[in-house]
Amino acid sequence: MDPKVKELLDRIRETASTAGGVAYYGLDAAGKKAGEVWDITKLKWKRTDLKADVYRLYRDVGEIVYATHAKPDAPTDALDSLLAALDEKHEAIEELTRRIEERRQGRVCPNRDCGAAVTAGDAFCRRCGATLRADADKADKEET
Ligand SMILES: [Zn+2]
């Protein structure tokens, strides 16, 4: 293997994902907006956008890797930020998938300004304190 490509791949391994510290992709700020409705469709649209971002980033990383193969002194400075961006997008996609799944199961706070995930068996929402009733699932489905 081209030594420059090998070095590059070693560097990629060194920066292996440390997912814990990555900020979620704007979910907190958006989720707190009064009246914001986070229904499954909107969550899916957002996830689709993020997946498109991921493919663009894959393409950009691939261009750098190939450029390094074709021309060993090609610049690779952008690689770290591209990989960090990929980590962030993957985290956000996982978070969205989790939220979509929670909504499918109806395990969200009935307060439309909150919408936090709730655990089956909880009497009150851990975020806003709303009473969790049997009609929580119905209220969720009425959101449009
Ligand atoms: Zn709540």
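Reader: How do the axes of helix H1 and helix H3 cross, and within what distance do they come?
Author: This is a predicted model, so keep that in mind for everything below. The axes of H1 (residues 3-14) and H3 (residues 40-70) come within 8 Å and cross at roughly 150°.

Reader: Roughly parallel or roughly antiparallel, then?
Author: Roughly antiparallel, because the angle is over 145 degrees.

Reader: And which hand is the crossing of H1 with H3?
Author: H1 passes H3 in a right-handed crossing.

Reader: Which residues meet there?
Author: On the H1 side you have Lys4, Val5 and Leu8. They meet Val65, Thr68 and His69 of H3. Sorted by class, that contact has 3 nonpolar, 2 polar and 1 charged residues.

Reader: OK, zooming out. How many helices and strands in the protein chain?
Author: There are 5 helices and 0 strands. Going along the sequence, the pattern reads α-α-α-α-α.

Reader: What else does H3 pack with, and at what angle?
Author: H3 packs with H4 at an angle of about 160°, and the two axes are 9 Å apart. That angle is over 145 degrees, so H3 and H4 are roughly antiparallel to each other.

Reader: Left-handed or right-handed for that one?
Author: Left-handed, as H3 passes H4. The contact of H3 with H4 has 15 nonpolar, 1 polar and 10 charged residues.

Reader: Give me a residue to click on in H4. What does Leu82 touch?
Author: Leu82, which lies in helix H4, touches Leu57, Asp60 and Val61, leaving out residues up to four places away in sequence.

Reader: Is Leu82 buried or exposed?
Author: In between: Leu82 is partly exposed, because it has 18 other C-beta atoms within 10 Å and buried would take 20 or more. For a distance to check, the C-alpha atoms of Leu82 and Arg56 are separated by 10.0 Å, with their positions 26 residues apart along the chain.

Reader: What about Leu57, where does it sit?
Author: Leu57 is in helix H3. It touches Leu82, Ala85, Leu86 and Lys89, again not counting residues up to four places away in sequence. Leu57 and Lys89 are 32 residues apart along the chain, and their C-alpha atoms are separated by 9.6 Å.

Reader: How many C-beta atoms does Leu57 have around it?
Author: Leu57 has 19 others within 10 Å, so it comes out as partly exposed; the cut-off for buried is 20 or more.

Reader: And Asp60, which helix is that in?
Author: Asp60 has its place in helix H3. Asp60 is partly exposed too, with 16 other C-beta atoms within 10 Å. In sequence Asp60 and Leu79 are 19 residues apart, while in space they are 8.6 Å apart, C-alpha to C-alpha.

Reader: Switching to Arg98. Why is that one called exposed?
Author: Because Arg98 has 12 other C-beta atoms within 10 Å, and 12 or fewer counts as exposed. Arg98 is found in helix H4, which covers residues 79-104.

Reader: How far is Arg98 from Ala117?
Author: They are 9.6 Å apart in space, C-alpha to C-alpha, and 19 residues apart in sequence.

Reader: Now the inside. Which residues make up the largest nonpolar core?
Author: The core has 5 residues in all: Val108, Cys109, Val118, Cys125 and Leu132.

Reader: Pick Leu132 from that. What does Leu132 touch?
Author: Leu132 touches Pro110, Val118, Asp122, Ala123, Phe124 and Cys125, with residues up to four places away in sequence left out. Of those partners, Val118 and Cys125 also belong to the core.

Reader: What share of the protein chain is buried?
Author: Buried residues make up 12% of the 144 residues.

Reader: Last one. What percentage of contacts link residues 24 or more positions apart?
Author: Among contacts with a separation of 6 or more, 57% are between residues 24 or more positions apart.

Key
Residues are numbered from 1 along each chain as its sequence is written. This is a predicted model: local features need pLDDT of at least 70, side-chain atom pairs count only at pLDDT 80 or more; totals for chains, interfaces and linings use all residues. Helices (H or I, at least four residues) and strands (E, at least two) are DSSP runs, numbered from the N terminus. A nonpolar core is a set of buried Ala, Val, Leu, Ile, Met, Phe, Trp, Tyr and Cys residues joined through C-beta atoms within 7 Å. Two residues are in contact if their C-beta atoms, placed from the backbone, lie within 7 Å. Axes are lines fitted to C-alpha atoms, for helices over the stretch in contact, and angles run from 0 to 180 degrees between N-to-C directions. Angles under 35 degrees count as roughly parallel, over 145 as roughly antiparallel, 65 to 115 as roughly perpendicular and the rest as oblique. A crossing is left-handed if the near helix is turned anticlockwise from the far one by less than a right angle, and right-handed if clockwise. Ala, Val, Leu, Ile, Met, Phe, Trp, Tyr, Cys and Pro count as nonpolar, Asp, Glu, Lys and Arg as charged, and the others, Gly among them, as polar.
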